[in-house]
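This report describes one protein chain, going from its surface and overall form to the details of one sheet. Look at the structure first, then read on.

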Amino acid sequence: MKVIRGGTLVESNWQGPADLLIDDGRVVAVLAPGADVDPAAEVVDATGKLVMPGGVDPHCHVGFTSGEFTSLDSYRECTTAAVFGGTTTIVDFAIPRPGQSPLDAAEQQRQKATDGLCDSALHACVVDWDDTTADQLATMAQDGIRTVKMFTTYAGETMANEHTILKTMQTTRDLGGMVIIHCESDAIVTDSQTTAAATAGIDAAHMSVTRPEIAETAAVAAILAIAESQDAPVYFVHQSTAAAVELVADARTRGLVAFTESVAHHLILDDSAYGGENPERFVCCPPLRSADAVEELGQHLFTGHITTIGSDHCCYDTAQKEVHSHDVRHMPNGLPGVETRLPVIFSRYVRDSNLTASRFVELTSTNPAKTNGLFPRKGTLMPCADADIALWDPDVEWTVDVDALHMATDYTPYQGMTLRGKPVTVLVGGKIVVQDGELVDGTPRGRHLQAAPLDFEGGRRTQV
Ligand SMILES: [Zn+2]
């Protein structure tokens, strides 16, 4: 039994001074500050700290193979970095290799969960609908894999056509699940890439013009039309522009169950990075947008139109990024970020822009738990929740340095950035795993989390 004493508890809907009693891996009680507890309870001093539910990263690629490249981390490495960054649940993707079935991909990725220092869940992925897909989706739903990723881009690799998207939406809806979708119009992207190759250039420095904002906006509009025709819930990953976010918000006002995820790098970094020394290190899809677009996107953290913040973590190193940096069409896309997601958002938006700590918890922990069917086991510190807890020092000032991070790569896109606030002590399942910034328990205790059926009422998700 432990008592976390003297801190300020931050939940998505309130915050205040409270002690937290935990036992057997779960939260037992939220207590008045200084309340009597069993004298045998170990005291964890949280004076001056914010006590938050551990982060839930809804978008995390672990050891992901795409084309000739595989991102560099194992479950052990990814979850170690996650925990250092205050995240205690990751949701990974089971994206089939060419010729592999969605179910095989899920079973293969699912086995890795036990190597994790924290729990994990999985998104399935459908590329081509065939007469076995409905049964595979039902089998995965039985195993608590209820969110199904699709892509409108990467033709010949993971792109799904409209037939596949329609059938997957219908089936997933009926299984209590939800489609999650990467929206960029492949035709517009291809056209922009061809034009760039013939004019400005197709190297990493020209990443922005190869995947313009309209490619995202057009695909979001098309997918919303299909989802609305089927009354099928839909979750848009990594929305990078205010225009895309607002299309989803409008659909929500018409009654569609639709969610916007934004990812940390689109909320912090802008396309000036492509004009810098190592543009290849910032190549991701959608690309980083203009400083004005970042500003507009960030405003939607305050309007409520953004539901979750993920990392879209993908752990390539500089050498992998450099192989084809002269031609972004062949580069590995994605940025390392599972460890930095929470600190960069906390610093930029809570400390510098007055986003409330509660809204921060909602965006980075509670809502991701809800959209993934993991709430109230994750995403809260109410009694019975798993005792996955991050103690934050909200005031400490520090400078991001790749040498002090734990991700399996040699760079961070935030190198040299000065931040305020960071998680200092992190508990997973009631065990202290990171204490004062040091790993004190590296025992893998990760479990594959089974998502509950998403809870709909009158066509609306009740809890988000
Ligand atoms: Zn992704």
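## Surface and charge

The model is predicted. About 16,800 Å² of the chain is exposed, and 48% of this area comes from carbon and sulfur atoms.

The chain carries 33 positive and 63 negative charges. The mean position of the positive charges lies 5 Å from that of the negative charges.

## Overall form

Measuring along the principal axes, the C-alpha trace spans about 70 × 50 × 40 Å. For 464 residues, a compact globule would have a radius of gyration near 23 Å, and the value of 21 Å for this chain agrees with that.

Of the 464 residues, 60% count as buried, meaning that their relative accessible area is under 20%. Take the contacts between residues at least 6 apart in sequence: 75% of them join residues at least 24 apart.

## Secondary structure and one sheet

The chain has 13 helices and 23 strands. Seven strands form an open sheet with mixed pairing, in the order 3-2-7-18-19-20-21. Strand 3 (15-17) and strand 21 (438-439) are at the edges of this sheet. Each has a single partner strand, so one side of each is left without a neighbour in the sheet.

## The pairing of strands 2 and 3

How do strand 2 and strand 3 run relative to each other, parallel or antiparallel? They run antiparallel, and three bridges join them. Strand 2 covers residues 8-10. Within this pair, Leu9 stands opposite Gly16, which belongs to strand 3.

Technical notes
Residues are numbered from 1 along each chain as its sequence is written. This is a predicted model: local features need pLDDT of at least 70, side-chain atom pairs count only at pLDDT 80 or more; totals for chains, interfaces and linings use all residues. Side-chain values use heavy atoms; hydrogens and water are left out. Helices (H or I, at least four residues) and strands (E, at least two) are DSSP runs, numbered from the N terminus. The radius of gyration is taken over C-alpha atoms; the globule rule is 2.2 Å times the number of residues to the power 0.38. Buried means under 20% relative accessible area, exposed over 50%, partly exposed in between (1.4 Å probe, protein chains only). Contact means heavy atoms within 4.5 Å. Accessible areas come from the Shrake-Rupley method with a 1.4 Å probe; for residues, only the protein chains shown count as cover. Lys and Arg count as positive and Asp and Glu as negative; His and the chain ends are not counted. The place of a charge is taken as NZ of Lys, CZ of Arg, CG of Asp or CD of Glu. Two strands pair if DSSP finds at least two bridges between them.
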